[in-house]
Amino acid sequence: MIKKVLFGIAALSMPVVLAAAQPNIILFVIDDLGYADMSFLPFAAEDVQTPGIDRIAAKGTYFSNAYATAPICSPARAGLATGRYQQRWGNNWYGKGGLPATETTIAMELKELGYHSKKIGKNHMNNQKGDISHPLKHGFDEFFGFSDHTWDYRQLTHAAKNKAAHRGPLERNGEMVEFKDAYTTELFTDEAVEFIHRDFKGKPFFLHLSYNAVHHPVYVGHPKYEKKFGLKPFPQYDPSMGNYKKNWHSKWGRGKGHDPDLRKRYLATLACLDDGIAKILDTLQQQGLEKNTVIVFISDNGGAPYTMANNGPLKGNKYCEAEGGCRIPFLFSWPGHHEKKQSLPSLVSTMDIYPTLVELAGGRPHDKLDGKTILPLVKGEKSGDNHDYLIFSRGNRTKDYVVRSGDYKLRNCTSSRLFTVGEHYRYDDVQGDFLYNLKNDLGEQNNLYSSMPEKAGQMKKMFDQWCEQTLPAPKSKKPRNGGHKN
């Protein structure tokens, strides 16, 4: 069997070897989960209980040095889906680059290997014209969810449709469907449970479950969980209130008028999510599928400041290249095969998920990936880091980048952001160059840039090399007046 993978105009042929017993695969992607908001962690926030997530950790590997490819969702999700630095095609930040038709995705590879696949929840790939980033055009057989960067948890009817407020019906395979008295987290969980119960006639399944929890608006709560956390229902947005964004900024998020119960609302949203994960794990056990189902669990980026997500020992949050923006939870579990509970400090990336899953499915990952399989690390066949270095970049060759290598992190910062929610989550790095030893200084407090110029120089060369190998060639500026002087 020959498989053809397209990259731009180049076509590569790759043999595929089917596994004798291909595992089912569930990829959980949580939206803006705080780094310390899982109770199995030694540094977990004191107010957090996540027994569902903890069950995954109890039978698998936790990577403590894991990173998304960006501190914001759309580029990070593109890097995850393709196993490649999304900067290769100009997806450098929110609203730029999308997911081109020329890129091969995990779902496309698994489809070639005989998998039936479904994506549930959020599909935010910058919403390109012509919808070329739609899941059904990138290997998935089914899709149920939405394609915006956020969505209301409860306002899911045609009557409630409001683009500015990110609410209205959900999509099922191209058709818009409405739900009354529903909550997206439970809808997505129930959809996943129904999928697992199906008979795929001997085919393995790939389920990409991308919850919109715990992304804002967490003030749109589930009545059951509001009651559990002693919360009063928060007023729902109505167009008569005026501009949605201004209302949210001033009343429902950061700012002087922020909701004093915001952290509790986040925890209530997380509790519903965790119960959903537990329900899915129960379904696998009931169906006799637990021991032949691989589970990968990640957050798309760091916890957000305006939901009161807790990033624990890390500095910063979503949107910035401090550790709190890019370092994420990463769990890998395959009960019955690699069930050992362990925590590994190896440097890994969400790009590594692609080659790992393809290998597990019996395929041979193509040689254009930037990700590397984590299976040798999980099995104990390999120790140390999975990458010599990782790069975080907004596509500029001279500024706003991070090099993460070994114990060290080099950062150039010219566009830092300041976020405040009351007295919490303040982040206002001075602009400049920074070098940190994260082994000794996880909170990024001690800048070694001036005292270790040789180390900084070595890491800057890594970035320069990466730019030449990864970034598209700079566009040449056209001379004015066709090149003729006046």
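The second largest cavity of this predicted model encloses about 60 Å³ of space. Eleven residues line this second largest cavity. Those closest to its centre are Asp152, Tyr219, Val220, Gln236 and Tyr237. By residue class, the lining of the second largest cavity divides into seven nonpolar, two polar and two charged residues.

In total, the structure holds six cavities of 30 Å³ or more. The largest cavity contains about 160 Å³ of space. Its lining is made up of 18 residues. Ala81, Lys119, Met125, Phe140 and His208 are the closest to the centre of the largest cavity. Four elements each give two or more residues to this lining: β3 (24–30), α2 (73–82), α3 (106–112) and β9 (205–210). The largest share comes from α2, which supplies three residues. The lining of the largest cavity comprises eleven nonpolar, five polar and two charged residues.

Attention then turned to a single residue, Thr105. Thr105 lies in the loop between α2 and α3. Both of these helices are among the elements that give two or more residues to the lining of the largest cavity. The relative accessibility of Thr105 is 3%. Thr105 therefore counts as buried, since the class is set at under 20% relative accessible area. Leaving aside residues up to four places away in sequence, Thr105 touches Ala81, Leu99, His138 and Tyr354. One of these contacts, Ala81, is also among the residues closest to the centre of the largest cavity.

Key: Residues are numbered from 1 along each chain as its sequence is written. This is a predicted model: local features need pLDDT of at least 70, side-chain atom pairs count only at pLDDT 80 or more; totals for chains, interfaces and linings use all residues. Side-chain values use heavy atoms; hydrogens and water are left out. On a 1 Å grid over the protein atoms alone, a cavity is a set of points where a 1.4 Å probe fits but cannot get out, and a pocket is an open set with protein on both sides within 12 Å along at least five of seven lines; lining residues have an atom within 4 Å of a point. Grid points are joined across faces, edges and corners, and a volume is the space filled by probe spheres set on the points. Ala, Val, Leu, Ile, Met, Phe, Trp, Tyr, Cys and Pro count as nonpolar, Asp, Glu, Lys and Arg as charged, and the others, Gly among them, as polar. Buried means under 20% relative accessible area, exposed over 50%, partly exposed in between (1.4 Å probe, protein chains only). Contact means heavy atoms within 4.5 Å.
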